[in-house]
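User: I would like to go through this model before planning any bench work. Could you take my questions as they come?

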Amino acid sequence: MTEKDLETVILTKDESELNVPPMYKILLLNDDFTPMDFVVEVLRMFFSMDQEQATQIMLKIHTEGSAVCGVYPCDIASTKVNQVIEFARSNQHPLRCVMEEN
């Protein structure tokens with residue numbers, strides 16, 4: 001290649017664009033047995049919320065029956081759901097945590 005050839009290199013767009021993975025929302029579901037303080041602790045521990053955010057989400061769960069805690073790719077959402085359920089059971093609480101496609 002000559003120096004002139006190097007100046008006229010044309011970049012083309014790669015046709016195989018990356019697809020964005022589907023996202024999943026994680027919901028905590030209200031029950032009559034799990035203490036509100038425990039729900040706040042879960043929100044802070046697993047979803048990195050501050051005290052105020054966690055309290056607001058906990059109240060939404062309590063009054064509306066459920067609330068979204070976060071939205072993640074499938075593998076991360078699945079891991080978080082399992083961690084929350086395991087933590088709740090190890091503390092003898094029936095807290096329910098589910099994920100659904102966003």
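**Working through the model**

Analyst: Thr34 is a suitable place to begin: its relative accessible area is 10%, so Thr34 is buried. Please bear in mind throughout that this is a predicted model.

User: Where does Thr34 lie?

Analyst: Thr34 sits in the loop that runs between β1 and α2.

User: Which residues does Thr34 contact, leaving aside its neighbours within four places in sequence?

Analyst: Thr34 is in contact with Val39, His93, Pro94 and Leu95. In addition, the Thr34 side chain reaches the backbone nitrogen of Leu95 at 3.3 Å.

User: Let us step back. How many helices and strands are there in the protein?

Analyst: The protein has 4 helices and 3 strands. Along the sequence they follow the pattern α-β-α-α-β-α-β.

User: And how much of the protein is buried?

Analyst: Of the 102 residues in the protein, 31% are buried. As for contacts between residues at least 6 apart in sequence, 72% of them join residues at least 24 apart.

User: What does the largest nonpolar core look like, and which residues have the most contacts inside it?

Analyst: That core has 25 residues, and those with the most contacts inside it are Leu28, Val42, Leu43, Phe47, Val84 and Leu95. The elements giving two or more residues to this core are β1 (23-29), α2 (36-47), α3 (51-64), β2 (66-73) and α4 (74-90). The largest share, 7 residues, comes from α2. As a general point, nonpolar side chains tend to be buried together in soluble globular proteins.

User: Then α2 deserves a closer look. Which of its residues are buried?

Analyst: The buried residues in α2 are Phe38, Val39, Val40, Val42, Leu43, Phe46 and Phe47. The buried residues of α2 pack against β1, α3, β2 and α4.

User: How does the span of α2 compare with what its 12 residues should give?

Analyst: The two agree: at 1.5 Å a residue, the 12 residues of α2 should span 16 Å, and the end C-alpha atoms of α2 are 16 Å apart.

User: What comes just after α2?

Analyst: Ser48 comes just after α2, and Ser48 takes a positive phi of about 55°.

User: Going back to Phe47, what does Phe47 touch, not counting residues up to four places away in sequence?

Analyst: Phe47 touches Ile26, Val42, Cys69, Tyr72, Lys80 and Val84 on that basis.

User: How many aromatic pairs does the structure hold?

Analyst: The structure holds 2 aromatic pairs. One of them is formed by Phe38 and Phe87, and this pair is stacked, at 5.3 Å centre to centre with 10° between the planes. The pair links distant parts of the chain, with Phe38 in helix α2 and Phe87 in helix α4, 49 residues apart. Both Phe38 and Phe87 are buried.

User: Why is the pair of Phe46 and Phe87 edge-to-face?

Analyst: The ring centres of Phe46 and Phe87 are 5.5 Å apart and their planes lie at 65°, so the pair is edge-to-face. This pair also links distant parts of the chain: Phe46 is in helix α2 and Phe87 in helix α4, 41 residues apart. Ring pairs thus link Phe38, Phe46 and Phe87 into a cluster.

User: Are Phe46 and Phe87 buried or exposed?

Analyst: Phe46 is buried, with a relative accessible area of 13%. Phe87, at 19% relative accessibility, also counts as buried, the cut-off being under 20%.

User: Now the cysteines. How many disulfides are there?

Analyst: A search of the whole structure finds 0 disulfides. Cys69 is in no disulfide, and the nearest cysteine sulfur, that of Cys97, is 6.2 Å away.

User: Why is there no bond from Cys97 to Cys69?

Analyst: The sulfur of Cys97 is 6.2 Å from that of Cys69, the closest cysteine sulfur, and this is too far for a bond. A disulfide would need the two sulfur atoms within 2.5 Å. Cys69 counts as buried at 7% relative accessibility, and Cys97 is buried with a relative accessible area of 5%.

User: One last residue: where does Pro73 lie?

Analyst: Pro73 lies in strand β2. With a relative accessible area of 24%, Pro73 is partly exposed. Pro73 and Pro22 are 51 residues apart in sequence but 6.2 Å apart in space, C-alpha to C-alpha. Not counting residues up to four places away in sequence, Pro73 touches Pro22, Met23 and Tyr24.

Methods. Residues are numbered from 1 along each chain as its sequence is written. This is a predicted model: local features need pLDDT of at least 70, side-chain atom pairs count only at pLDDT 80 or more; totals for chains, interfaces and linings use all residues. Side-chain values use heavy atoms; hydrogens and water are left out. A nonpolar core is a set of buried Ala, Val, Leu, Ile, Met, Phe, Trp, Tyr and Cys residues joined through side-chain atoms within 4.5 Å. Buried means under 20% relative accessible area, exposed over 50%, partly exposed in between (1.4 Å probe, protein chains only). Contact means heavy atoms within 4.5 Å. The expected span of a helix is 1.5 Å times one less than its number of residues. A polar contact is a pair of N or O atoms within 3.5 Å; within protein, one must be able to donate a hydrogen and the other to accept it, and residues adjacent in sequence count only if both atoms are side-chain atoms. Rings of Phe, Tyr and Trp (its six-membered ring) pair if their centres lie within 6.5 Å; planes under 30 degrees apart count as stacked, over 60 as edge-to-face and the rest as tilted.
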